[in-house]
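I open this page to record what I looked up, going from the strands to the cores and then to the chain as a whole.

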Amino acid sequence: MKAIVMTGFGGPEVFAQAEVPYPELRPGHVIVRVAASSLNPLEIKIRSGIAAGSCPPMPAVLNMDFSGTIEEVGSDVTKFKAGDEVFGIGGGVGKMQGALAEYVLADADLIALKPKGISHETAALYPLVSITAWEALMEGAALEGAAKVLIHGVTGGVGHIAAQMAKMAGAQVYGTVTSSDKVSLAKEFGAANF
C-alpha cells in the first residue's frame, strides 16, 4: 500500500511516498481504509526530532487522527463491521504506524462511528483534541453541575472542545483569548466570561 513515510528527523523534506506493508489484523483491532487524516502538534514535534522518543520505527508513518471506512474487523470485535464509516486514533506513535497511509490498524476502543452529517475531513479533526479535553475535564477535574471552569486558549483546538464539554456538564465557563476579535467565537463555544 502507499504511504507517506518519514525517513529521518528534520523539516518537511524528510517525507516521501513509499510502498509499505498492509497492516496485520490483531485481536481487538480493525483495519480502516483512510479517507482523511489530520495533523497535531505532536506530529510536528516528532518530525523535527523534539519528540523523537514517540516516533514509530523508521520509515515512520505518522498521524494519529483519521476518518475512513472499515475494511477488516478482528475476530473479537463486535461493535463494528466492515463498511462502517468511523473516525478515531490509529497509531502514529510508539510501535504502531499511523494514518498517513491508504490503510491504518486501529484499536476498536479508540474509534467511533462517524456522524453522517459531517465529512471524513471534518471527522478527522476531532479525535485527539476531544480525548485531551475529555481526560482533562471529565476525568482529571471531575466536573460537577455548579463548577466554574477556566479554559486558557478557549478558541484553540483543545480549548474549543473543552468549553463545549464543560458547558454540557453544567459548568460556568471562563476563557482566555489572545485577541478581542476571538471573544465572539469563544462565546459560540460556550464561554461567557473573559
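Before reading the faces of any strand, I fix my terms: I call a residue buried when its relative accessible area is under 20% and exposed when that area is over 50%, with partly exposed in between. I also keep in mind that this is a predicted model.

Entry on β9. I looked up strand β9, residues 172–175, and found a covered face made of Val173 and Gly175, while Gln172 and Tyr174 make up the uncovered one. I then asked in which sense β8 and β9 pair, parallel or antiparallel. The pairing is parallel and runs over four bridges, and within it I noted lysine 148, whose bridge partner in β9 is glutamine 172.

Entry on valine 149. Setting aside neighbours within four places in sequence, I listed the contacts of valine 149, which are Leu137, Leu143, Ala166, Ala171, Gln172, Val173 and Tyr174. Both Val173, from the covered face of β9, and Tyr174, from the uncovered face, are thus on that list.

Entry on the cores. The largest nonpolar core holds 18 residues, and Leu137, Leu143, Val149, Ile151 and Ala166 have the most contacts inside it. I checked which elements give two or more residues to this core, and they are α3 (127–140), β8 (148–151) and α4 (157–168); the largest share, five residues, comes from α4. A second core, separate from this one, has 13 residues, including Val32, Val34, Val77 and Ile111. As background I note that in soluble globular proteins nonpolar side chains tend to be buried together.

Entry on β3 and β6. Strand β3, residues 29–37, pairs with β6 in the antiparallel sense over five bridges, and valine 32, which I had already met in the second core, has valine 104 of β6 as its bridge partner. How much of β6 is covered? Strand β6, residues 103–107, is mostly covered, with four of its five residues buried.

Entry on the whole chain. I counted five helices and nine strands, which from the N terminus run β-β-β-α-β-β-β-β-α-α-β-α-β-α. Buried residues make up 42% of the 194 residues, and of the contacts between residues at least 6 apart in sequence, 68% join residues at least 24 apart. The C-alpha atoms fill a box of roughly 50 × 40 × 30 Å along the principal axes. The chain exposes about 10,100 Å², of which carbon and sulfur atoms supply 58%. Last, I looked up the charges, 14 positive and 19 negative, and found their mean positions 6 Å apart.

Terms used
Residues numbered from 1 in each chain as written. Predicted model: local features only at pLDDT ≥ 70, side-chain atom pairs only at ≥ 80, totals over all residues. Heavy atoms only, no water. Buried < 20%, exposed > 50% of the residue type's maximum accessible area, 1.4 Å probe, protein only. Contact = heavy atoms within 4.5 Å. Areas by Shrake-Rupley, 256 points an atom, 1.4 Å probe, with all protein chains shown as cover. Lys, Arg positive; Asp, Glu negative; His and termini not counted. Charge placed at Lys NZ, Arg CZ, Asp CG, Glu CD. Pairing = 2+ DSSP bridges. Core = buried A, V, L, I, M, F, W, Y, C linked by side-chain atoms within 4.5 Å.
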